[in-house]
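I opened this notebook to keep track of what I looked up in one model, taking its cores, its cavities and its aromatic rings in turn.

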Amino acid sequence: MNMNHILQQAPKNLPILQARFGLERESLRMNTEHRIAQTAHPEKLGSREFHPYIQTDYSESQVELITPVSSSTKEARRILGAITEVAYRSMNPYEYLWPLSMPPQAREDEIRIAQLKNDYEYQYRQGLGKRYGKLLQSMSGIHYNLELGAGLITHLFEASNYDSQLAFTNDLYLKLAQQFLRYRWFLTYLYGASVVAEKGFLQEKLNHPVRSLRNSSYGYVNSSDIHVSFADLETYVQDIERYVKTGQLSAEKEFYSAVRLRGHKHNRDYLTKGIRYLEFRCFDLNPFDFLAISQETLDTVHLFALALLWIDRPEHVDETLTKAAELNNQIALAHPLTPLPKEADTQTILDAMEAVVDHFQLDETYKNLVETVRQQVANPQLTLSGQLAERLEGHSLEEFGRKQGQAFHEYAWSAPYALKGYENMELSTQMLMFDALQKGVNLEILDEDDQFLKLWHKDHVEYVKNGNMTSKDTYVVPLAMANKTVTKKILATAGFPVPAGAEFSSKTEALRYYAQIEKSAIVVKPKSTNFGLGISIFQDGASLEDYEKALDIAFAEDKQVLIEEFIAGTEYRFFVLDGKCEAVLLRVAANVVGDGIHTIAELVDIKNQDPLRGRDHRSPLEIIQLGDIEKLMMNQQGYQPDTVLEAGQKAELRGNSNISTGGDSIDVTEQMDESYKQLAADMATAIGAWVCGVDLIIPDSTLASTKDEPNCTCIELNFNPSMYMHTYCYDGPGQELTPKIIAKLFPEIIS
């Protein structure tokens with residue numbers, strides 16, 4: 001049975017879209033003079049010897065961004081976005097990525113071969129420079145890797161008359177490769193975007209813009225005496241081996257086909273181990289997209305590949321592919337606004353794409369993709385090269401590339417505390433992911449909602465939850481810190497200062513306690529909670545009514561409530577990692593300052609417009625709420641939400657200073673006396689914590705802390721302390737903590 005008949009007769013519920021995807025994007029680094037950067041590969045990116053995501057391609061300035069294998073085009077593009085952002089923010093701040101496939105104005109001596117430690121790879125690039133010229137190698141593009149789903153292949157194999165699944169898989173991929181080369185011109189028409197070249201790039205002058213220089217005879221092509229057959233796999237392997245043996249190709253990978261068989265280092269292994277996936281290499285950079293390839297393009301190409309399997313393969317493969325290559329060159333060198341020639345059989349492709357959509361009952365998204373392609377076929381202005389040619393009319397390539405590249409640079413640096421595409425994850429986790437990608441630690445999100453990550457390098461695997469919960473802490477330590485009574489007893493036994501107080505499991509018991517604390521400064525808080533939830537503070541004592549409200553708020557968070565003495569002084573958060581205090585933060589409770597015009601509610605709205613403020617720990621600062629606790633706090637000061645404060649008059653909206661309840665963060669790491677840092681580290685050690693947030697109340701931080709006179713009180717220890725608030729502060733330089741977590745977990749790769 002022919003391959004296309006197998007697909008056409010397949011059940012409608014066949015997992016036709018099942019596949020795995022990978023992307024590889026190349027781009028040139030540019031400097032402030034808008035010339036190719038002469039700087040070395042960014043030091044922040046660690047070692048190229050093992051980095052799985054960010055490498056250099058031909059030249060030292062040509063960055064290559066490589067995604068891990070993804071089970072959907074959407075996820076492949078999302079991780080490409082994260083890697084792209086990491087690349088931008090790891091380069092010198094004044095450098096940017098050139099957004100076009102065609103390089104800017106450049107000389108051969110400006111193209112520095114990648115300074116790789118591997119001598120073979122360096123010599124290989126030197127040979128390419130001599131054979132093709134360095135400028136040709138500076139063209140950039142995107143490679144689209146497609147692996148058909150294992151389940152899909154098995155279903156098709158079982159419907160075939162093949163005896164071996166290996167033979168079937170090889171034939172399936174070989175047919176797809178043949179068909180891709182046969183109809184490559186279709187993608188050149190749709191997505192070509194290398195329309196003009198800067199002076200000096202070409203030996204001859206073109207009289208008009210074209211669709212794709214990179215995909216034409218001026219681009220990545222071997223010499224005219226290289227003819228590799230795709231008629232069958234054995235001949236394909238033998239042809240490439242012969243050209244390598246004669247020196248016409250310096251290595252198997254020098255065969256510049258628009259599609260490559262992939263999965264093994266040597267082509268001969270495909271005969272015995274099988275083709276694993278295909279690499280489509282014909283995509284120019286989309287200069288209108290930050291990631292250089294759109295989601296629409298990724299999905300259209302996937303559908304296009306399935307349609308290729310739907311269409312009959314040619315009888316005379318090599319002859320057909322030779323004619324197809326000539327047609328592709330003709331279309332690539334045509335003016336972007338000219339229609340396709342009559343030899344270009346678009347109807348067969350469009351019908352096949354539509355047939356796949358209909359037969360397998362794909363959703364509206366895929367129907368819309370086919371309709372979009374039909375419109376592009378009818379109107380060349382809608383193609384990528386058509387749009388680019390119109391934008392370049394009256395403008396130079398370099399001017400357009402510079403403006404577009406700088407716009408993308410600014411976008412990459414916007415909201416630098418977040419990892420674009422992953423903003424719904426907890427912020428410290430986003431920051432840790434950024435650092436893992438930057439240093440070349442392999443990353444997999446095991447559970448996005450639970451912030452659970454797998455990190456690994458070679459055989460070394462670490463699991464991380466919420467940014468800093470790791471195997472370095474024993475199971476019982478977070479449980480002890482979550483229980484404030486246990487925490488106080490452990491610290492008190494070790495001789496550390498903690499506040500006096502009482503614990504209650506019922507509101508009735510807690511109300512009876514009121515007589516003992518009626519005129520005392522107290523704190524009412526849940527026994528086991530985090531992020532400052534349910535805490536009420538009464539510095540001047542509480543009325544019975546307010547005390548009862550505070551109990552209701554605390555019991556809403558936990559079954560047990562603590563009533564503790566209020567400790568006067570300033571509260572600081574100390575971040576301790578592996579026995580050392582790495583950061584100190586002064587947290588100022590949520591507040592607004594009057595201007596004599598706006599009400600407190602309006603001042604809160606104004607303050608919440610700060611771009612650093614957001615919700616659910618996705619921004620460095622949390623927005624200020626006007627809930628029950630804030631209203632209770634205002635009431636104690638004689639204020640209401642509609643009160644207009646005089647200019648300079650301050651309204652405290654919270655007694656606790658947690659950033660998670662709208663507080664302001666001020667980095668005081670360098671100003672804090674070392675004695676308090678050591679005390680905080682000792683407290684973390686006493687409870688056995690690898691990572692710990694230590695909250696100290698210090699009446700006078702100018703006085704040193706000693707064993708006999710600690711001059712402070714520990715009000716809380718926090719497991720899984722937030723890290724982002726130490727890095728992106730309301731005031732102060734900030735301290736980077738997530739890189740230190742990575743360095744502690746993977747000391748073997750962090751210099």
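The entries below follow the order in which I looked things up.

**Entry 1, nonpolar cores.** I note at the outset that I am working from a predicted model. I began with the largest nonpolar core and found that it has 128 residues, and that F186, F230, F280 and L455 are those with the most contacts inside it. I then asked which element gives the largest share of this core, and the answer is helix 10, residues 295-310, with ten residues. Apart from this core I found another, of 31 residues, which includes Y96, L135, M139 and L213.

**Entry 2, around L455.** I went back to L455 and listed what it touches, leaving out residues up to four places away in sequence: among them are L432, A436, V441 and L443, then H460, V461 and V464, and, much further along in numbering, I742, L745 and F746. The list is not purely nonpolar, as N442 and E462 are also touched by L455.

**Entry 3, cavities.** I counted eight cavities of 30 Å³ or more in the structure, and I chose the second largest, with a volume of about 80 Å³, for a look at its walls. Its lining is made up of 14 residues, and those nearest the centre are K484, T487, K488, I715 and E716. Helix 18 (484-493), strand 14 (561-565) and strand 23 (713-718) are the elements that each give two or more residues to this lining. By class, I recorded eight nonpolar residues, one polar and five charged in the lining of this second largest cavity.

**Entry 4, aromatic pairs.** The structure holds 25 aromatic pairs, and I took down two of them in detail. The ring centres of Y120 and Y124 are 6.4 Å apart with planes at 15 degrees, so I logged the pair as stacked. Both residues lie in helix 3 (residues 119-132), four residues apart, or about one turn of the helix. Y120 is partly exposed, at 47% relative accessibility, whereas Y124, at 10%, is buried.

The pair of F288 and F400 is edge-to-face, at 6.0 Å centre to centre and 65 degrees between the planes. This pair links distant parts of the chain, 112 residues apart, with F288 in the loop between strand 7 (277-284) and helix 10 and F400 in helix 15 (residues 397-413). Here F288 counts as partly exposed because its relative accessibility is 28%, while F400 is buried at 6%.

**Entry 5, an aromatic cluster.** Last, I noted one aromatic cluster whose members include F21, Y144, W185, F186, F280 and F304. Of these, F186 and F280 had already appeared in my first entry, among the residues with the most contacts inside the largest core.

Conventions:
Residues are numbered from 1 along each chain as its sequence is written. This is a predicted model: local features need pLDDT of at least 70, side-chain atom pairs count only at pLDDT 80 or more; totals for chains, interfaces and linings use all residues. Side-chain values use heavy atoms; hydrogens and water are left out. A nonpolar core is a set of buried Ala, Val, Leu, Ile, Met, Phe, Trp, Tyr and Cys residues joined through side-chain atoms within 4.5 Å. Buried means under 20% relative accessible area, exposed over 50%, partly exposed in between (1.4 Å probe, protein chains only). Contact means heavy atoms within 4.5 Å. On a 1 Å grid over the protein atoms alone, a cavity is a set of points where a 1.4 Å probe fits but cannot get out, and a pocket is an open set with protein on both sides within 12 Å along at least five of seven lines; lining residues have an atom within 4 Å of a point. Grid points are joined across faces, edges and corners, and a volume is the space filled by probe spheres set on the points. Ala, Val, Leu, Ile, Met, Phe, Trp, Tyr, Cys and Pro count as nonpolar, Asp, Glu, Lys and Arg as charged, and the others, Gly among them, as polar. Rings of Phe, Tyr and Trp (its six-membered ring) pair if their centres lie within 6.5 Å; planes under 30 degrees apart count as stacked, over 60 as edge-to-face and the rest as tilted.
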